[in-house]
Amino acid sequence: MESCCTGSAFYECTAPVKRGWKSVCCLVADRTGAWMVQFSALPVSFSGFRDRGYLVAKIFGIAGAGFLMWLGASTGIVPFTHVGCLVSTGVLAAVCWGVWIAIKKQKIKDKTSWKFTAEWYQTVLDDELVFILFFLLWTYVAGFRPAAYGTEKFMDYGFMMAMMRSTTLPAKDLWYAGAKINYYYGGQYFAVFLTKLTNTQVAQTYNLMRTLVAGFCFAVPFALVRQMVLDSWKREKPALLGGALGGAGVSLAGNMHYVVIGKLLPWIREIFICQKGIILTGFRIPPVISAIIRQKMTKRFMNSLPTLLF
């Protein structure tokens, strides 16, 4: 394989939708790891939800098992390896399911215990289909430009590779030789945690972790807003609509600054602004007024830029 600084090297394994059975196996392994930690946290998630917090348990499972592994690796108790990740997931599962069994016994006595009903299975199936749909959608989109190029992508890839080689945390800093990472690395760490848990490689999971987060950004708000509307209105269609709007608001509107700055504003300038004047609804404004308007628009845009980005 070429040097990791070249786009073709990243493309070698980070375009999961453009590879063969090996990429399919990586995709399945990634989802299997997410399911493993999800079901370890399911018993103590939102039991009042119609899906019993099925989608929220994905976040809690990864966060809980990942934190246990980070704590063990940072203190030197457990090495940051595939086996260590399995152990941390097993510990979380044992604690969560133990608590659930104890609570369930008490609720059986009080006749308030919930069961895995047909409605629960149908809701869980719908939730999982929503999540997988958007996960695969963003995985397909990422396959068109899989190279770790632009913004902080190369740094993310480098941090993940450094942690992949290390059995302790923090790992060695790729920028400052001989020292440990002196930067926040939580997101990269959880990506490596799932990578080691599934016994795969960063080259296969780098883009899958990005698209996994994108899938979460739609599916989890979808489940939360749907439940809030159900609790308020007790109607299915408004709940689904509210869930879809909530998911779109987080996963799409939350990153619309790129569309606005990179695509929409240049398109507006190209249509309405020209060298000799600004044309609005068929009327041409004199060049002097056009220059003043252009200057004010630019100043207002630059003042609002930090808000758009941060």
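**Helices, packing and buried residues in a predicted model**

Helix H6, which covers residues 153-165, has 13 residues that should span 18 Å at 1.5 Å a residue, and because its end C-alpha atoms are 19 Å apart, the expected and computed spans agree. The model in which this helix is described is a predicted one. The buried residues of H6 are Met155, Tyr157, Gly158, Phe159, Met160, Ala162, Met163 and Met164. In the loop that lies between H6 and H7, Pro170 is found, and the peptide bond that joins Leu169 to Pro170 is cis, with an omega of about -5 degrees.

The protein as a whole contains 11 helices and 3 strands, and their order along the sequence follows the pattern α-α-α-α-α-α-α-α-α-α-β-β-β-α. Of the 310 residues in the protein, 39% are buried. When contacts between residues at least 6 apart in sequence are considered, 66% of them join residues that are at least 24 apart.

Helix H3 (residues 54-75) packs with helix H7 (residues 186-197) at an angle of about 90 degrees, and the axes of the two helices are 10 Å apart. H3 is therefore roughly perpendicular to H7. On the side of H3, the contact is made by Ile62, Ala63, Ala65, Gly66, Phe67, Met69 and Trp70, while H7 contributes Tyr189, Phe190, Phe193 and Leu194. By residue class, the contact of H3 with H7 comprises 10 nonpolar residues and 1 polar residue, with no charged residue taking part.

The loop between H7 and H8 contains Asn199, a residue other than glycine whose phi is nonetheless positive, near 60 degrees. With a relative accessibility of 55%, Asn199 counts as exposed.

Helix H5 spans residues 118-142, and its 25 residues reach 36 Å from the first C-alpha to the last, close to the 36 Å expected at 1.5 Å a residue. The buried residues in H5 are Trp120, Thr123, Val124, Asp127, Glu128, Val130, Phe131, Phe135, Thr139 and Ala142. Several pairings described below connect residues of H5 with residues of helix H8.

Helix H8 has 32 residues and reaches 45 Å from its first C-alpha to its last, a value close to the 46 Å expected at 1.5 Å a residue. H8 is mostly covered, with 23 of its 32 residues buried. Three residues of this helix, Leu212, Ala223 and Arg226, are described in turn.

Leu212, which is found in helix H8, has a relative accessibility of 3% and so counts as buried. Although Leu212 and Phe134 are 78 residues apart along the chain, their C-alpha atoms are separated by 8.8 Å.

Ala223 also belongs to helix H8, and at 1% relative accessibility this residue counts as buried. In sequence, Ala223 and Val130 are 93 residues apart, whereas in space the distance between them, C-alpha to C-alpha, is 9.7 Å; Val130 is itself among the buried residues of H5. Once neighbours within four places in sequence are left aside, the residues in contact with Ala223 are Phe49, Asp51 and Leu55.

Arg226 is a further residue of helix H8, which covers residues 202-233. At 3% relative accessibility, a value under the 20% limit that defines burial, Arg226 counts as buried. The side chain of Arg226 is joined to that of Asp127 by a polar contact of 2.8 Å, and Asp127 is one of the buried residues of H5. Apart from neighbours within four places in sequence, Arg226 is in contact with Arg50, Asp51, Thr123, Asp127, Ala239, Leu240 and Gly243. Asp51 thus appears among the contacts of both Arg226 and Ala223.

Just after H8, Lys234 takes a positive phi of about 60 degrees, although this residue is not a glycine. Lys234 is found in the loop between H8 and helix H9 (236-251). In contrast to the buried Arg226, Lys234 has a relative accessibility of 65% and therefore counts as exposed.

Notes
Residues numbered from 1 in each chain as written. Predicted model: local features only at pLDDT ≥ 70, side-chain atom pairs only at ≥ 80, totals over all residues. Heavy atoms only, no water. Helix = DSSP H or I, 4+ residues; strand = E, 2+ residues; numbered from the N terminus. Expected span 1.5 Å × (residues − 1). Buried < 20%, exposed > 50% of the residue type's maximum accessible area, 1.4 Å probe, protein only. Axes fitted to C-alpha atoms, helices over the stretch in contact; angles between N-to-C directions. Parallel < 35°, antiparallel > 145°, perpendicular 65-115°, else oblique. Contact = heavy atoms within 4.5 Å. Nonpolar A, V, L, I, M, F, W, Y, C, P; charged D, E, K, R; others polar. Polar contact = N/O pair within 3.5 Å; in protein donor to acceptor, adjacent residues only side chain to side chain.
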